[in-house]
Amino acid sequence: MDFVSGIGGLIILILDIWAIVSVLQSGVPALNKVLWILLILVLPFIGFIIWFVAGPKGA
């Protein structure tokens with residue numbers, strides 16, 4: 001069971017890194033970037049879903 005949860009955690013980490021890079025490459029103001037990144041870091045799974053649906057997209 002630890003292996004499965006470890007793989008799930010790794011997948012979430014990769015998706016969160018992708019989301020953060022996308023936020024950094026977007027054209028939104030710096031304050032918005034900081035807020036999006038904080039949301040993704042504080043709530044890794046939920047933050048990613050919210051970003052995917054409503055967040056800024058890369059350039």
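User: What makes Ala19, Ile20, Val23, Trp36, Ile37, Ile40, Phe48 and Trp51 the largest nonpolar core here?

Analyst: Those eight residues make up the largest set that fits the term: a nonpolar core is a set of buried Ala, Val, Leu, Ile, Met, Phe, Trp, Tyr and Cys residues joined through side-chain atoms within 4.5 Å. Helices α1 (2–25), α2 (30–42) and α3 (44–54) each give two or more residues to this core; helices are DSSP runs of H or I, at least four residues, numbered from the N terminus. Bear in mind that this is a predicted model, where local features need pLDDT of at least 70, side-chain atom pairs count only at pLDDT 80 or more, and totals for chains, interfaces and linings use all residues. Residues are numbered from 1 along each chain as its sequence is written, and side-chain values use heavy atoms, with hydrogens and water left out.

User: Which helix has the lowest confidence, and which the highest?

Analyst: Confidence is lowest in α1, at a mean of 91, and highest in α2, at 95. That's pLDDT, the predictor's confidence in each residue, from 0 to 100. The chain averages 90, and 93% of the residues score at least 70.

User: Why is α2 called oblique to α3?

Analyst: Their axes cross at roughly 140° and come within 5 Å. Angles under 35 degrees count as roughly parallel, over 145 as roughly antiparallel, 65 to 115 as roughly perpendicular and the rest as oblique, so α2 is oblique to α3. The axes are lines fitted to C-alpha atoms, for helices over the stretch in contact, and angles run from 0 to 180 degrees between N-to-C directions.

User: And what makes α1 roughly antiparallel to α2?

Analyst: Here the axes cross at roughly 175° and come within 9 Å. An angle over 145 degrees counts as roughly antiparallel, so α1 gets that label relative to α2. The contact (heavy atoms within 4.5 Å) is made by Asp16, Ala19, Ile20, Val23 and Leu24 of α1 and Lys33, Trp36, Ile37, Ile40 and Leu41 of α2.

User: How do you know that Asp16 is buried or exposed?

Analyst: Buried means under 20% relative accessible area, exposed over 50%, partly exposed in between (1.4 Å probe, protein chains only). Asp16 has 8%, so Asp16 is buried. This α1 residue touches Ile40, Pro44 and Phe48, leaving aside neighbours within four places in sequence.

User: Why does Gly6 count as partly exposed?

Analyst: Gly6 has 40% relative accessibility, so Gly6 falls in the partly exposed class. Gly6 also lies in α1, and the C-alpha atoms of Gly6 and Trp36 are separated by 25 Å.
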